[in-house]
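Visitor: I should like a close look at a single part of this protein, the hairpin, together with its surroundings. Please describe how that part is built and what it touches.

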Amino acid sequence: GRANLASIHQPNTRMGMQFDRFCLMANGRVVCNQTRDLTATFFESNGFMCPKFYNQTDYYLDVISNAKNAKKLTHVFDVFM
């Protein structure tokens with residue numbers, strides 16, 4: 001089999017809506033690797049609710065660009081997985 005990987009940094013809303021999964025990383029570690037719906041649930045259950053009419057990918061990147069948030073979410077993801 002083959003594996004293909006494409007990385008798009010901060011896609012616009014229209015492009016981001018086409019993604020089936022999000023793999024978000026901070027400081028070389030996976031913060032979240034889930035489907036779109038489970039990514040939203042993961043962030044919301046950890047206190048990070050994406051505002052209505054806001055680009056999800058922008059919001060998630062804003063959240064994990066904060067070192068304290070990234071550390072918290074990376075720990076939660078490690079335990080969850």
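Guide: The following account begins with the chain as a whole, turns to the hairpin, and then follows its contacts outward.

The model is a predicted one. The protein has four helices and two strands, arranged along the sequence as α-β-β-α-α-α. Of its 81 residues, 33% count as buried. Among contacts between residues at least 6 apart in sequence, 43% join residues at least 24 apart.

The part in question consists of strand β1, residues 21-26, and strand β2, residues 29-35, which run antiparallel and are joined by six bridges. Two of the residue pairings can be named: R21 of β1 has T35 as its bridge partner in β2, and the bridge partner of F22 is Q34. The two strands form a hairpin with two residues between them.

N27 belongs to the loop between β1 and β2, and its phi is near 55 degrees, a positive value in a residue other than glycine. Most residues other than glycine have a negative phi. N27 counts as exposed because its relative accessibility is 71%. A second residue with a positive phi lies outside the hairpin: F53, with a value near 65 degrees, is found in the loop between α2 and α3. F53 likewise counts as exposed, because its relative accessibility is 81%.

Next come the faces of β1. In a regular strand the side chains alternate between the two faces of the sheet. In β1, F22, L24 and A26 point to one face and are buried, whereas R21, C23 and M25 point to the other face and are not buried.

The two strands also carry a pair of cysteines that merits attention. C23 is partly exposed because its relative accessible area is 48%, whereas C32 counts as buried because its relative accessibility is 0%. Which cysteine sulfur is closest to that of C23, and at what distance? The closest is the sulfur of C32, at 8.4 Å, so the two are too far apart for a bond. A disulfide is a covalent bond between the sulfur atoms of two cysteines. A search of the whole structure finds zero disulfides.

The surroundings of the hairpin include the nonpolar interior. The largest nonpolar core has 17 residues, and those with the most contacts inside it are F43, Y60, I64 and L73. Both strands take part in this core: β1, β2, α2, α3 (56-64) and α4 (67-80) each supply at least two of its residues. The largest share, four residues, comes from α3. Y60 shows how the hairpin meets the core. Apart from neighbours within four places in sequence, Y60 is in contact with F22, L24, T39, A40 and F43. Of these partners, F22 and L24 are among the buried residues of β1.

On β2, V30 gives a view towards another part of the chain. V30 lies in strand β2 and counts as partly exposed because its relative accessibility is 28%. Not counting residues up to four places away in sequence, V30 touches L24, M25, T74 and F77. The C-alpha atoms of V30 and L73 are 9.1 Å apart, although 43 residues separate the two along the chain.

Beyond β2 the chain enters helix α2, residues 36-45, in which R36 lies. Leaving aside its neighbours within four places in sequence, R36 is in contact with G16, M17, Q18, F19, D20, R21, F22 and Q56. This list includes R21 and F22, both of which appear in the description of β1. What is the nearest side chain of opposite charge to R36, and how far away is it? That side chain is D37, at 6.0 Å; R36 is buried yet has no salt bridge.

L38 also lies in helix α2. L38 counts as partly exposed because its relative accessibility is 44%. The C-alpha atoms of L38 and F22 are separated by 9.2 Å, with the two residues 16 apart along the chain.

F22 therefore serves well as a point of reference for this part, because its side chain is on the buried face of β1 while Q34 is its bridge partner in β2. F22 is also in contact with Y60 and with R36.

Note on methods. Residues numbered from 1 in each chain as written. Predicted model: local features only at pLDDT ≥ 70, side-chain atom pairs only at ≥ 80, totals over all residues. Heavy atoms only, no water. Pairing = 2+ DSSP bridges. Buried < 20%, exposed > 50% of the residue type's maximum accessible area, 1.4 Å probe, protein only. Lys, Arg positive; Asp, Glu negative; His and termini not counted. Salt bridge = Lys/Arg side-chain N within 4 Å of Asp/Glu carboxyl O. Contact = heavy atoms within 4.5 Å. Core = buried A, V, L, I, M, F, W, Y, C linked by side-chain atoms within 4.5 Å. Disulfide = S-S within 2.5 Å.
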